[in-house]
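Here are a few friendly notes to read alongside the structure. They deal with the packing and then with the cysteines.

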Amino acid sequence: MDDMPARAEAIEDFAAALRQLRKSVGNPPFREMSGRSGAISHTTLHEATKGNRLPSWETTTEFVKACGADPAAYRERWERANLAVRSAGAGLEAFATDVASQPPRPAGEIAGDVRPVPSAPGGRGRFRPRPAALAVAAVGAATAVLVVVAVNRGSGTDGHGLDPSESPSNSGLSAADCPVHATNPPSSPPAHEGDSAKFIGDITLPDCTRVGPRQTLTKVWRLKNAGTVPWKGYSLHRLDLPQRPDQCQTVSDVPIKDTRPGEMVDIRTEITTPSKPGLCYVRFKMMEGSGRVAFPGGRPLNFQVIVG
């Protein structure tokens, strides 16, 4: 049974709701809305209204807040649309991420909305980047571990991009594998010359912290803007998508407060642990304001927690 028409209708209906909300407050320019948000680019906000893909809940929240409305009023509608997207068609794994539109980049540089395509005969579903946005789906995230690593630890931010094939697979990891040490990706310059990030510490949930099942916890990393480029509209984008029910659940995109060179910033996200015991190993890459990978040659930030 082909569920793609239902999926397209769900996405368009949600986009129409966002367009109507914006119209109701006088159609403010997307750049103005981005300025009100301080956490998301104008390109991403514009994409949310086009009906090409479902925006993440994080983007929806920022869009609605920029229009002066209550995001809670849109949660149920977004959940219904998300369910339609995720369940559309056997062999499809539909999910929404929504970093700003960029031309295609090499595999491994996760930076945008992913558009599902049917599985090849005898093969698994795959994802194809749209010309308007980047994306490569890394194999699922594991169970429940929180950790952030940097240049001198397992997952630095002072370098550049990640090819998912260069990091340990999340499948088959157990508590005995903690801490997981990522390999170094190929050397590559940052998206902006002079940009640099330094990992300061895990404020909460250091590597291999043991946590209970079905818990909602807050992970906090502390980073320093160690370069000469202001961080405006930066975010962390989760690599391990789509999220399976047996994995730690997080938002796909974690906003980073605007940070000037020399300043430190705490980045926080809520995680919900799965019901099954095991190791949760989840990876993020830092995205700059226009939706590109900020440090394509650096190891991703990650969190690792042991559930059970």
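Which residues have the most contacts inside the largest nonpolar core? This is a predicted model, and the points below should be read with that in mind.

1. The largest nonpolar core holds 27 residues, and L236, I267, M286 and F303 are those with the most contacts inside it. Two or more residues of this core come from each of β3, β5 (216-225), β8 (264-272), β9 and β10 (301-307). As general background, nonpolar side chains tend to be buried together in soluble globular proteins.

2. M286 deserves a look of its own. Setting aside neighbours within four places in sequence, M286 is in contact with A197, L223, W231, Y234, S235, L236, I256, R292, V293, A294 and F295. One of these partners, L236, is also listed with M286 among the residues with the most contacts inside the core.

3. Please do not stop at that core. There is a second, separate core of 20 residues, and I40, L45, V64 and Y74 are among its members.

4. Now to the cysteines. Searching the whole structure turns up two disulfides. Counting bonded cysteines along the chain, their pattern is 1-2, 3-4.

5. One disulfide is formed by C178 and C208, with the sulfur atoms 2.0 Å apart. This pair links distant parts of the chain: C178 lies in the loop between β2 (126-129) and β3 (197-202), while C208 lies in the loop between β3 and β4 (209-211), 30 residues apart. The torsion about the S-S bond of C178 and C208 is about -105°, so this disulfide is left-handed.

6. Are the two partners of that bond buried or exposed? C178 has 15% relative accessibility and therefore counts as buried, the cut-off being under 20%. C208, at a relative accessible area of 23%, is partly exposed.

7. The other disulfide joins C248 to C280, with an S to S distance of 2.3 Å. Here too the pair links distant parts of the chain, 32 residues apart: C248 sits in the loop between β6 (235-238) and β7 (253-255), and C280 sits in strand β9 (residues 278-287). C248 is buried, with a relative accessible area of 0%, and C280 is buried with a value of 0% as well. Strand β9 is thus worth a second visit, because it also gives two or more residues to the core of point 1.

8. Finally, a word on C67. At 7% relative accessibility, C67 counts as buried.

Conventions
Residues numbered from 1 in each chain as written. Predicted model: local features only at pLDDT ≥ 70, side-chain atom pairs only at ≥ 80, totals over all residues. Heavy atoms only, no water. Disulfide = S-S within 2.5 Å. Helix = DSSP H or I, 4+ residues; strand = E, 2+ residues; numbered from the N terminus. Buried < 20%, exposed > 50% of the residue type's maximum accessible area, 1.4 Å probe, protein only. Core = buried A, V, L, I, M, F, W, Y, C linked by side-chain atoms within 4.5 Å. Contact = heavy atoms within 4.5 Å.
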